[in-house]
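This report goes through one protein model step by step. Please keep the sequence and the structure in view while reading.

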Amino acid sequence: MIGSIFVTGKNLFSKFTSVLFITLNTKRMKMIKIYAIAACMAFSATTLMAAKGSETAAPRSEATAMSAPVNETMLANDEMLASPSTAVAPEATTPKAAAAPAAKTVRQAATTTTMTHAPKMLEKRMEKAQRKADIKETNGGKSQLVALLLCFFLGGLGVHRFYLGYTGVGILMLFTGGLFGILWLIDFIRIIVGDLKPKGGEYGSTL
């Protein structure tokens, strides 16, 4: 029983494989025929296109050969017409070309002068500020208000002159009572105005 089933199965499998092989071969032949027909059609189309291209190229070459002398004459006429304008152009542009370097030189000179003068101005300002700072340090930051109060209350004794650094005039005012009140009044007005300053410098603080 098992042997007969195995034999029948083997026969069926062999028949199936043979039928499948035949069908595959027929399909392959059909595809090969289709590919061959398509290749022939493509080859014929390319040959036709090449023939038409060669036929159209010959008239074009003749037309370009005929139009070449005409184009040369047109270019020659254009050059003749354009030559006066090109000759005049350099004459018209020469003043501008000459003015441009002059403007550049003027700008360069201005920049150089500013660059040279700027450090000098800064140095002068720094020197003035340093002098003022040195004067304040040497004078001990003397106040104009203090000098005014000393002159008002003790001006007859010349105390404000001692305070401002004028020792000789202070001694004179001490023994003469402020030069009999005359120098006392003058010093009071001068301190208010700001004319009487510390010896060799400025006030540390003003009114």
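The sections below cover the overall layout, one helix, the salt bridges and the aromatic rings.

## Overall layout

The model is predicted. The protein has five helices and zero strands, which gives the pattern α-α-α-α-α when read along the sequence.

Of its 207 residues, 12% count as buried. The exposed area of the protein is about 16300 Å², and carbon and sulfur atoms supply 73% of that area. Among contacts with a separation of 6 or more, 55% are between residues 24 or more positions apart.

## Helix 4

Helix 4 covers residues 167-180. At 1.5 Å a residue, its 14 residues should span 20 Å, and the end C-alpha atoms are 18 Å apart, which agrees. Helix 4 also bends by about 90 degrees at L174. Just after helix 4, G181 takes a positive phi of about 85 degrees.

Three residues of helix 4 may be looked up in the structure: G170, M173 and G178 are buried. What covers the buried residues of helix 4? The cover includes helix 3 and helix 5.

## Salt bridges

Side chains of opposite charge can pair when their charged atoms come close. The whole structure contains three salt bridges. One of them joins the side chains of D187 and R161, with 2.8 Å from N to O. D187 belongs to helix 5 (residues 182-193) and R161 to helix 3 (residues 159-164), so this pair ties together parts that are 26 residues apart in sequence. Are these two residues buried or exposed? D187 has a relative accessible area of 0% and R161 one of 6%. Buried means under 20%, so both residues count as buried.

Another salt bridge links the side chains of D195 and R190, at 3.1 Å from N to O. Here D195 is partly exposed, with a relative accessible area of 48%, and R190 is partly exposed as well, at 28%. K197 and E202 also form a salt bridge, and their closest N and O atoms are 3.4 Å apart. K197 counts as partly exposed at 31% relative accessibility, while E202 is partly exposed with a relative accessible area of 36%.

## Aromatic rings

A pair of aromatic rings is described by the distance of the centres and the angle of the planes. The count for this model is two aromatic pairs. F152 and F153 make an edge-to-face pair, with 5.0 Å centre to centre and 85 degrees between the planes. F152 is partly exposed, with a relative accessible area of 48%, whereas F153 counts as exposed at 59% relative accessibility.

F152 also pairs with F188, and this pair is tilted: the centres are 5.8 Å apart and the planes are at 45 degrees. Which parts of the chain does this pair link? F152 is in helix 2 (residues 144-154) and F188 is in helix 5, so distant parts of the chain, 36 residues apart, are linked. F188 is partly exposed, with a relative accessible area of 22%.

How many aromatic clusters do F152, F153 and F188 form? These three residues form one aromatic cluster.

## Helix 5 in both sets of pairs

Helix 5 appears in two of the sections above. D187 of helix 5 forms the salt bridge with R161 of helix 3. F188 of helix 5 forms the tilted aromatic pair with F152 of helix 2. D187 is buried, whereas F188 is partly exposed. Helix 5 is also part of what covers the buried residues of helix 4.

Notes. Residues numbered from 1 in each chain as written. Predicted model: local features only at pLDDT ≥ 70, side-chain atom pairs only at ≥ 80, totals over all residues. Heavy atoms only, no water. Salt bridge = Lys/Arg side-chain N within 4 Å of Asp/Glu carboxyl O. Helix = DSSP H or I, 4+ residues; strand = E, 2+ residues; numbered from the N terminus. Buried < 20%, exposed > 50% of the residue type's maximum accessible area, 1.4 Å probe, protein only. Contact = heavy atoms within 4.5 Å. Areas by Shrake-Rupley, 256 points an atom, 1.4 Å probe, with all protein chains shown as cover. Expected span 1.5 Å × (residues − 1). Bend = angle between axes of the 7 residues up to and from the residue. Phe/Tyr/Trp six-rings, centres within 6.5 Å; stacked < 30°, edge-to-face > 60°.
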